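Reader: I'm new to this one and would like a close look at a single part rather than a tour of everything. Could you pick one residue, tell me what surrounds it, and then work outwards from there?

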Amino acid sequence: PGRVGILGGGQLARMLALAGAPLGLRFLVLDSAEEACAAQLVPQLRADYDDAAALAEFAASVDVATFDFENVPAAAAEWLAGRIPVHPGPRALAVAQDRLAEKSLFRELGIPVPAFEAVDSREALDAALARVGAPAILKTRRFGYDGKGQFRLRSAADADAAWAALGGPSAALILEGFVRFDRELSVVAVRARDGEFRAWPLSQNWHEDGILAATLAPAPAGAEIEALALGHARRLADALDYVGVFALELFQCGDALLANEMAPRVHNSGHWTIEGAETSQFENHLRAVLGLPLGDTRARGHACMLNWIGALPDRQPVLAEAGGHWHDYGKSARAGRKVGHATLRADDLEALADALERVGRALGRQPQVAPVIACLRGG
Ligand code: ATP
Ligand code: MG
Ligand code: MG
């Protein structure tokens with residue numbers, strides 16, 4: 001079997017296609033967008049996910065289906081799973097689509113989470129605030145990404161504003177305690193069809209305005225934190241009988257880890273693995289969904305991924321670096337949109353910090369690189 005169908009045709013599908021080419025794979029993306037960026041490289045079936053005729057054509061054209069986008073309607077995923085192998089399966093997708101189901105499962109599995117309460121009315125918001133306390137974050141249970149669909153409450157006095165922003169008659173929300181974390185980490189891991197589990201070294205992540213700005217990997221982490229994080233990821237993957245790559249986002253507070261969310265797909269905080277690991281998340285995802293042996297997840301030196309949001313900067317300063325790598329997703333510029341990323345890779349921490357300094361200065365992006373450099377230099 002060599003034809004992989006991907007639901008969603010964004011940059012993740014594009015990078016899956018790039019990783020799959022050397023394996024001899026062919027791809028088909030299903031996406032309703034006129035300019036799905038993966039369609040610059042592979043064929044696109046242009047239709048909505050709930051278009052029955054399109055789904056039937058998709059199922060007939062591919063050997064296995066996977067996702068670039070987790071908010072595919074559950075019914076569509078289930079319909080497909082009745083006809084062809086779909087990895088990850090509909091249950092994993094359903095859990096990851098709903099922050100309430102997701103956090104409830106984490107808790108059930110003994111994975112610590114921030115305080116949370118379901119909110120579906122203005123009164124329920126007050127009750128939740130009383131239990132969770134302030135500051136807090138109100139989030140839509142579904143469809144949020146890049147920090148969209150969230151409202152931060154500094155105190156209970158912000159409840160009206162929060163409800164005005166996200167509430168309504170059919171509101172399905174979750175209130176979470178605001179975590180004053182020391183840092184954000186993610187586990188990017190892969191589970192094979194036979195249950196074999198592998199994880200890449202931990203990623204440390206920095207966000208700007210709710211959007212991932214930079215990832216450093218391997219994260220400078222103690223062996224205990226790493227083991228704790230990988231244990232959580234493994235328990236989650238086993239519980240969902242998960243197949244493929246996923247990410248588990250964590251907040252570190254002292255020696256404790258609190259789980260924020262999971263992404264049932266390859267993840268932005270794993271883009272560094274393309275150049276920074278023996279096998280990339282994209283290749284291992286394909287290996288997993290096709291039932292091929294998993295590749296080694298060990299890091300090659302140290303890597304920092306910088307996200308380009310809105311528009312691409314000049315690529316020259318990155319390409320001038322010995323370990324500089326450029327990824328242009330072929331998207332048009334738009335505020336808040338992920339249009340590309342760069343990865344800087346080096347054999348030692350000091351060389352990576354120096355490269356980041358040069359690139360940050362040349363591009364006028366010092367605020368984006370500064371926290372990573374401080375972390376590398378032990379600041
Ligand atoms: P993603 O693009 O990662 O899918 P998302 O829209 O699903 O983002 P979250 O990951 O829940 O949103 O939140 C985005 C960021 O906001 C987090 O990475 C973190 O920096 C901050 N954040 C979210 N929830 C909390 C919380 N309970 N306490 C403190 N900070 C939070
Ligand atoms: Mg998310
Ligand atoms: Mg997140």
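Author: Let's start with Val190 and the residues it touches: leaving out those up to four places away in sequence, they are Arg198, Gly244, Val245, Asn284, His285, Ala288 and Leu294. Keep in mind that this is a predicted model. Val190 itself is found in strand 9, which covers residues 183-191. Is it buried or exposed? Val190 counts as buried, because it has 29 C-beta neighbours inside 10 Å, and the cut-off for being buried is 20 or more. You can also look from Val190 across to Val266: they are 76 residues apart in sequence, yet their C-alpha atoms are 9.2 Å apart in space.

Three of the residues that Val190 touches, Asn284, His285 and Ala288, are also listed among the buried residues of helix 10, so that helix is the next stop. Helix 10 runs over residues 281-290, and 10 of its 10 residues are buried. Besides those three, the buried residues include Gln281, Phe282, Glu283, Leu286 and Arg287. What covers them? The cover includes strand 9, strand 13 (244-253) and helix 9 (273-276), along with strand 1, helix 1 and strand 4 (64-67). Just after helix 10 comes Gly291, with a positive phi of about 75°.

Strand 1, part of that cover, spans residues 3-7 and is mostly covered itself, with 4 of its 5 residues buried. It pairs with strand 2 (residues 26-30) in the parallel sense, over 5 bridges. In that pairing, Arg3 stands opposite Arg26. Between helix 1 (11-20) and strand 2 there is a loop, and that's the place of Leu23. Leu23 counts as partly exposed, because it has 13 C-beta neighbours inside 10 Å. From Leu23 to Asp126, 103 residues along the chain, the C-alpha atoms are separated by 54 Å.

Now let's zoom out a bit. The chain is divided into domain 1 (3-86), domain 2 (115-177) and domain 3 (183-376). The centres of domain 2 and domain 3, taken over C-alpha atoms, are separated by 29 Å. Each of these two domains gives at least three residues to the shell around ligand 1. That shell has 16 residues, and the ones that come nearest are Gly144, Asp146, Glu176, Val179 and His207. By type, the shell divides into 5 nonpolar, 5 polar and 6 charged residues.

One of those nearest residues, Glu176, gives us a way into the next sheet, as strand 8 covers 173-177. The sheet is open, with 4 strands in the order 5-8-6-7 and antiparallel pairing. Strand 5 (116-119) and strand 7 (150-153) stand at the edges with a single partner strand each, so one side of each has no neighbour in the sheet. From one strand to the next, the twist averages 20°.

Strand 8 is mostly covered, with 4 of its 5 residues buried. It is joined to strand 5 by 4 bridges, and here Val119 stands opposite Leu173. With strand 6 (residues 136-140), strand 8 shares 5 bridges, and Lys139 stands opposite Ile174. Strand 6 is also joined to strand 7, by 4 bridges, where Leu138 has Phe151 as its bridge partner. Helix 6 (residues 122-132) packs on this sheet and touches strand 5, strand 6 and strand 8, with its direction at about 175° to that of strand 5.

Some backbone details are worth a look too. Most residues other than glycine have a negative phi, and most peptide bonds are trans. Phe143, in the loop between strand 6 and strand 7, has a positive phi near 70°. Phe143 counts as exposed, because it has 12 C-beta neighbours inside 10 Å. Asp241 also has a positive phi, about 45°, and is found in the loop between helix 8 and strand 13. The peptide bond from Ala217 to Pro218 is cis, with omega near -5°, and Pro218 lies in the loop between strand 12 (211-217) and helix 8 (223-239). The bond from His87 to Pro88 is cis as well, with Pro88 in the loop between helix 3 (74-81) and helix 4 (90-97).

Methods: Residues are numbered from 1 along each chain as its sequence is written. Chains are lettered from A and ligands numbered from 1 in the order in which they are written. This is a predicted model: local features need pLDDT of at least 70, side-chain atom pairs count only at pLDDT 80 or more; totals for chains, interfaces and linings use all residues. Two strands pair if DSSP finds at least two bridges between them. Helices (H or I, at least four residues) and strands (E, at least two) are DSSP runs, numbered from the N terminus. Axes are lines fitted to C-alpha atoms, for helices over the stretch in contact, and angles run from 0 to 180 degrees between N-to-C directions. Two residues are in contact if their C-beta atoms, placed from the backbone, lie within 7 Å. A residue is near a molecule or strand if its C-beta atom, placed from the backbone, lies within 6 Å of it. Ala, Val, Leu, Ile, Met, Phe, Trp, Tyr, Cys and Pro count as nonpolar, Asp, Glu, Lys and Arg as charged, and the others, Gly among them, as polar. Domain bounds come from an automatic or database domain assignment.
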